[in-house]
Every structure is written in C-alpha cells, then in structure tokens.
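Reader: I am a first-year student, and I should like to study a single part of this model closely rather than survey the whole. Please begin with its loops, and then follow the connections from there to the surrounding elements.

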Amino acid sequence: MKELKIHNIHPYHGKFYYGIPQYFIEKYGVKCKSIIDPFCGSGTTLVESAKYDKNCVGVDINFLSYKITKAKISKINIEKFDKYVNLVLNCKNFSDINFIDKEYWFSPSNYFDLCCIFNGISLIDNEIYKNIFEVALSSILKTCCNKRKIWNNGYIADNVLPNIESKTNLRNTYIKRLTFFKNAYKELANLNLDNVNVIKSDILKYNNTNEFDMMITSPPYPFAVDFAKYNRLSYYLFHEDLTVAVKDETGARSKRNTKNCVEEFFSEIEKLYLHIMKMIKIGGYACMTVGNTHRNNKKIDFVNWLIKLYENNGWILLENSERQLTKQSMPQKRIQVEHILVFRRNN
Ligand SMILES: C[S@@+](CC[C@H](N)C(=O)[O-])C[C@H]1O[C@@H](n2cnc3c(N)ncnc32)[C@H](O)[C@@H]1O
C-alpha cells in the first residue's frame, strides 16, 4: 500500500517509515484486533492501523504530538474546510500574539502574517477544524523563520538565535500548505477512522491492563533527540511550557550531561516498559524499532537491555533484525542501524 499524504502534514523527529507498522501488522497482527502505540509521536501507527481495520490507541506526552495525531485522524467536509480557509485568510486582526523573541525569529512582514493567521484561526468555531488549521500553521514555522548561516537548527538550541532574515513568505507558504492538507484529507475520505484515538499523557499515567493484542512503537532512545525542543517554535506559538516539557520527556538529549543520566534513563524507561507490558494480553505481541546510542563515545546498548528486560519478564523474542537508516535528518545521523524487535507475551 502506498504512503498516504496525511503522514506528511507535519515534520516529526523519529517518525516511522509508514511501512514499519504495516510490516508488523501483516506479519504478526492479522488476527489482532486492538493495538497500542505508547509513544505515538506523529501518529503513524494509528493511521496504518485504521487501514487494516484495527482499533488503535496512541499515547504521547508531547502536546504537539497530540495535535498532529488528532489532525491526522480527523475527517473533514471539504466545503466546510474551504469556508474556514476564507475566514482565516481574510482576518485582518494583527494584534500581537506574543511569540517569544519574535524579532529574532521572524521578519516584520512574516510576523504580521503570523499574527493575522493565528488570530484568524482563533475565530474557527469547531475544535477539529481549529486544530487542523493550527497544525498547518505549526508545520511551516521552520520553513518561514529566520536562519543562521552555518547551523540552521537554531530552533533546537537554547542559546542560539537566528540572525539572517528569511525570504520565504509565510502567508503564501500557509496557503500552499492548506491546499496540501485539503488533498491529504480527500485521500482519507474512504478510511474508517472511528476506531483510532489519541491521548495526551505520560504513558505511566495511562492505565489499561490486559487490553491490547499488540503494541507497535518506536520508543525514545537514550539521549538521541529532544522531541519538545525540536518543536520549540510550536511551543512558542501555542504558549506551551517548553522547560516543563523537556523535563517530563523520557530520554531527552538535553538530559545527557548529568553524572548519573544513563542509570536514571534506564530506571525511568524500565518503569515505563513494565507498565506497558501489562497492557498487552497473554499471547499478544510487542513490536518496536530500537537503536543503540552513544554518550561520551561509549555505547549505550539499549537493544540488548530491552531484550533482557522482556525475556526476564516472560516474553519470547520472535524477531531481532537490523535495518540500515538512510534518509536521516541531522541529529539522527548519529544512529545508522535500527533493530526491529518483536516479542510475544507468554504469561
Ligand atoms: C520516536 S518518537 C515516536 C515517533 C512515532 N513512531 C512516529 O511515527 O511519529 C518517541 C515519542 O515518545 C514520546 N515520549 C517521550 N517520553 C514519553 C512518556 N513518558 N510518555 C509518553 N510518550 C513519551 C516523545 O514525545 C516522542 O513523540
């Protein structure tokens, strides 16, 4: 099955290649009815599960992950969508939306457009559509923000602000984006999305014992990525607290500098995994992609640690295969090989 456009409505770090959930479902999940992705990110598992008529719950701690996934599993009426496009694009209210360090991040004209569009979206009287228009706006922030000459990822670092004005026109980019969204939703028209749902929560606080036939996920790897910081501009746009998000995120890269960070990571992720294991029925499957990482040039063997954890808790390893990663964004280049792990719960 080909990739749906909806998978590309918003960039997301560590996003699954859509063929991975497909592979897991076709090889292990034909008879499974219910699936959970406890670290669902941008919701790839949910959309792919819907294609196979499965029930699926996605959970993620990141507010943007929730918004993107919610947008991906929403159905729209094209005429209503067009009506809201007019409403948003005709808004002339340029009151300041109080974006942090706005004068660094945007040219005056792009900031003017950003304010008008954001204020226009606030006039939408339907939460589903409002979220979709917000996600569309969030998806173009990195394209339209100001840059730095060498390191164009100023949006990740704490102390690096851009200093070269962007030539990309924010309003035109948004208009093009809305057309892309519209086409993506047209493609979704025949997909039944009634049985997929996303929840914004720390997975540790989500309780559902023995509920699911299958888990499909890509967990946070130790210190590989800062999911919240990677979306810094979206946090600023929606006035979400980035500092709290970084603190709450498991395995965030910016936590790698404290003395006991590796032990702390493993103790935290062990709690999460033991909790998730209980959610899968006996005989059910846990399918995941996992990578090893490094800290101070020392390998962190996350793959073998996970295998031991599952086996010690009565699960059987069914598959441990390797996958070379080719297309990667800058911070991911640190990981060249990913493991595909599949376990079955035995007791
Ligand atoms: C590798 S990403 C998942 C990407 C996803 N497979 C996709 O296709 O977009 C890992 C996710 O784990 C989330 N996460 C980190 N700590 C978490 C926690 N304690 N509870 C729930 N989600 C968490 C991050 O916010 C991130 O979205």
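Author: A helix here is a DSSP run of H or I with at least four residues, a strand is a run of E with at least two, and both are numbered from the N terminus. The model is a predicted one.

Two loop residues provide the starting point. Asp101 is placed in the loop between α4 (78-89) and α5 (102-105), while Phe223 belongs to the loop between β4 and α10. Most residues other than glycine have a negative phi. Asp101, however, has a positive phi near 55°, and Phe223 has a positive phi near 60°. Are these two residues buried or exposed? Asp101 counts as exposed because it has 10 C-beta neighbours inside 10 Å, and 12 or fewer is the limit for that class. Phe223 has 21 other C-beta atoms within 10 Å and is therefore buried, the cut-off being 20 or more.

The loop of Phe223 leads on to α10, and with that helix to the meeting of two domains. The chain is divided into domain 1, made of 5-63 and 192-345, and domain 2, made of 78-188. Their C-alpha centres lie 28 Å apart, and 14 residues of domain 1 are in contact with 17 residues of domain 2. On the side of domain 1 that touches domain 2, α10 (227-230) and α11 (232-237) each supply at least two residues. The most is given by α11, with five residues. By class, that side of domain 1 holds eight nonpolar, two polar and four charged residues.

Helix α11 appears again around α3. Together with α2, β2, α7 (127-139) and β3, α11 is among the elements that cover the buried residues of α3. Nine of the 10 residues of α3 are buried, so that this helix is mostly covered. Among the buried residues are Leu64, Tyr66 and Ile68, but also Lys67, Lys70 and Lys72. Helix α3 (residues 63-72) lies across β2 and β3, and runs at about 160° to β3.

In the other direction, the loop of Phe223 leads back to β4, and β4 belongs to a sheet. This sheet is open and has seven strands with mixed pairing, in the order β3-β2-β1-β4-β5-β9-β8. The edges are formed by β3 (196-200) and β8 (315-324); each has a single partner strand, so one side of each lacks a neighbour in the sheet. On average, neighbouring strands are turned by 15° against each other, direction ignored. Strand β4 (residues 212-217) runs parallel to β5 (residues 280-290), and five bridges join the two. At one point of this pairing, Ile216 has Cys287 in β5 as its bridge partner. Helix α2 (residues 44-51) packs on the sheet and touches β1 (34-37), β2 (55-60), β3 and β4; its direction makes about 175° with that of β2.

Finally, there is the ligand. Surrounding it are 22 residues, of which the closest are Gly14, Phe39, Gly41, Thr44 and Thr250. The shell consists of 10 nonpolar, eight polar and four charged residues.

Methods: Residues numbered from 1 in each chain as written. Predicted model: local features only at pLDDT ≥ 70, side-chain atom pairs only at ≥ 80, totals over all residues. Pairing = 2+ DSSP bridges. Axes fitted to C-alpha atoms, helices over the stretch in contact; angles between N-to-C directions. Contact = placed C-beta atoms within 7 Å. Domains from an automatic or database assignment. Nonpolar A, V, L, I, M, F, W, Y, C, P; charged D, E, K, R; others polar. Near = placed C-beta within 6 Å.
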